[in-house]
Amino acid sequence: MVSINRHILRIILMLSYIAVIALVIFGVSSLYSYLNTGADRSSMLHTEIKKVDQYLPKIVWAPLNNEGRPMDEQTLNTIENDYLDAWYVKHMAYKTNKTNGIDDYYTESARENIFNIIEHNTTKNITIEGTTLEHHPILEFFSEDGQLVVITDKDVIEYKRLYENENIVLETKEKSTYKIILLLEDGFWRIRHIIKKETQNYSEDTVAVSNKTITIKGINYYPQATPWNMFGNAFNTDIISKDLKLIKEAGLNSIRIFVPYVDFGKANVDAKKTEKLIQVLDLAEAQELKVVVTLFDFYGDYSVLDWTLNQRHAETIVTALKKHNALLAWDIKNEPNLDFESRGQQQVLAWLDYMADLVKSIDRKHPVTIGWSDAKSAILLKDKLDLITFHYYEDLNDLEKTYENLKLEIPKKPIIITEFGMSSYKGFWNPFGNSESKQASYHKQAQSIFSKNEMSFMSWTLYDFTKIPKEVVGRLPWHKRVQEHFGFINQKGETKPAFEYISKQ
């Protein structure tokens, strides 16, 4: 028995020894593998750079005709990535007055100027929010040893906003030309010199859209089962086709629809969602309906460093639809003035100004507007827009005066009310609400005003809904119940008394 126990003990000790040796060998081999693996930029950086998510300016290289060594596509892509990362890191440094990541994208001599600017700005309590929106680089020289490149970056579109003591003191949009030298160090391209050779104030050169008289009799549209999620998994062309036929037969000639920014993929627009959007316009065209497409729904950031992502999103959507016969107009954003308090009016208006220019630069045919939440805001950016549109949920008795005042302020552009309506909810959560008969009286009065003043309109909305996303009105039931009952057709699919006044009589 003692002998057996000794053998067992020896076996246990031997297995323990083998296990320890195996662990040591594994640790040494892992260390050796780590030390002999090429450096990974993402693990080396002090700040992670993810251009796919944060920074995607438009970049168009001139045809390659450089001196020195011929350039291959893979090397050029690497140079482009590191070059744009360097711009992004510098933007972040000037915004935060911190130097994280500068060492990774600028050589020692190039860092000095950036560090001096950051030191000065920190002392003066200055921050700079900036971005570049377009680059047009020309490769001038690629050294024979593959260690140095010289680039001229023409027509760099830059937007900058300078804050002092947290107050905006300067806002500028420029077109500049830069001369850049990059060196290959540790397998990565770093900026050695960057010199601004010339700069000028920049304004978009776009062709004005014809301001011919447009008579709109329309409605904001969502399918009843999928409000605010029109292009999701429940997308159904049969339902949409049936709804659009109903809209046409009711005497309307147009619809307003919404493209949710995040749901469509932000900068990387989902091709399947875009195809669904095109299908909706195809169905509208089949019913001889025109479509106002509202961009950037459920977007509310507006930060300068987000602009390149917004740009990619808009470019994709506008390019896909701009030749469609059903397209009537582009609505840049739904009720952006509601974000003035949380995001700052100047910041929101700067974003809208740029996005209007961007859309016009891609589509020079269709008018551009902004769906302001009230008439008071409709004078903002009036010179930039081709149509003036606002929403009206106030007392109808004041509508004529409001409209007349706006026409005096903006006499040469079409003015359209792109949202108006009344909820017919009267119940536990709102016992003093409006009945369906009062809703009908509201629309009857509205149509009378529209006819008398030859006003264009788009009502809110075709259907009562059974489910309102919390992102629209929050979680409070008294808000959700009211929002559910603005339609001309109730939750059972029956027309309400207001349906008689869905259009001018």
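This tour visits a surface patch, a cis peptide bond and two residues with positive phi.

The model is predicted: local features need pLDDT of at least 70, side-chain atom pairs count only at pLDDT 80 or more, and totals for chains, interfaces and linings use all residues. Numbering runs from 1 along each chain as its sequence is written, and side-chain values use heavy atoms, with hydrogens and water left out.

**Stop 1: the patch.** Select F428, W429, L476 and W478. Together they make a nonpolar surface patch of about 460 Å². Patch residues have over 30% relative accessible area and no salt bridge (a side-chain nitrogen of Lys or Arg within 4 Å of a carboxyl oxygen of Asp or Glu). Nonpolar side chains (Val, Leu, Ile, Met, Phe, Trp, Tyr) are joined within 5 Å, like charges within 9 Å. Areas come from the Shrake-Rupley method with a 1.4 Å probe; for residues, only the protein chains shown count as cover.

Now center on F428. It lies in the loop between strand 13 (415-420) and helix 13 (436-453). Helices (H or I, at least four residues) and strands (E, at least two) are DSSP runs, numbered from the N terminus. F428 is exposed, at 70% relative accessible area. The cut-offs: buried is under 20%, exposed over 50%, partly exposed in between (1.4 Å probe, protein chains only).

**Stop 2: the cis bond.** Go to W460 and T461. The peptide bond from W460 to T461 is cis, omega near -5°. T461 sits in the loop between strand 14 (456-459) and helix 14 (470-473).

**Stop 3: positive phi.** Select N165, in the loop between strand 4 (148-164) and strand 5 (167-185). Its phi is near 55°. N165 is partly exposed, at 45%.

Finish at Y302, where phi is near 70°. This residue is in the loop between strand 9 (290-297) and helix 9 (307-321). Y302 is buried, with a relative accessible area of 0%.
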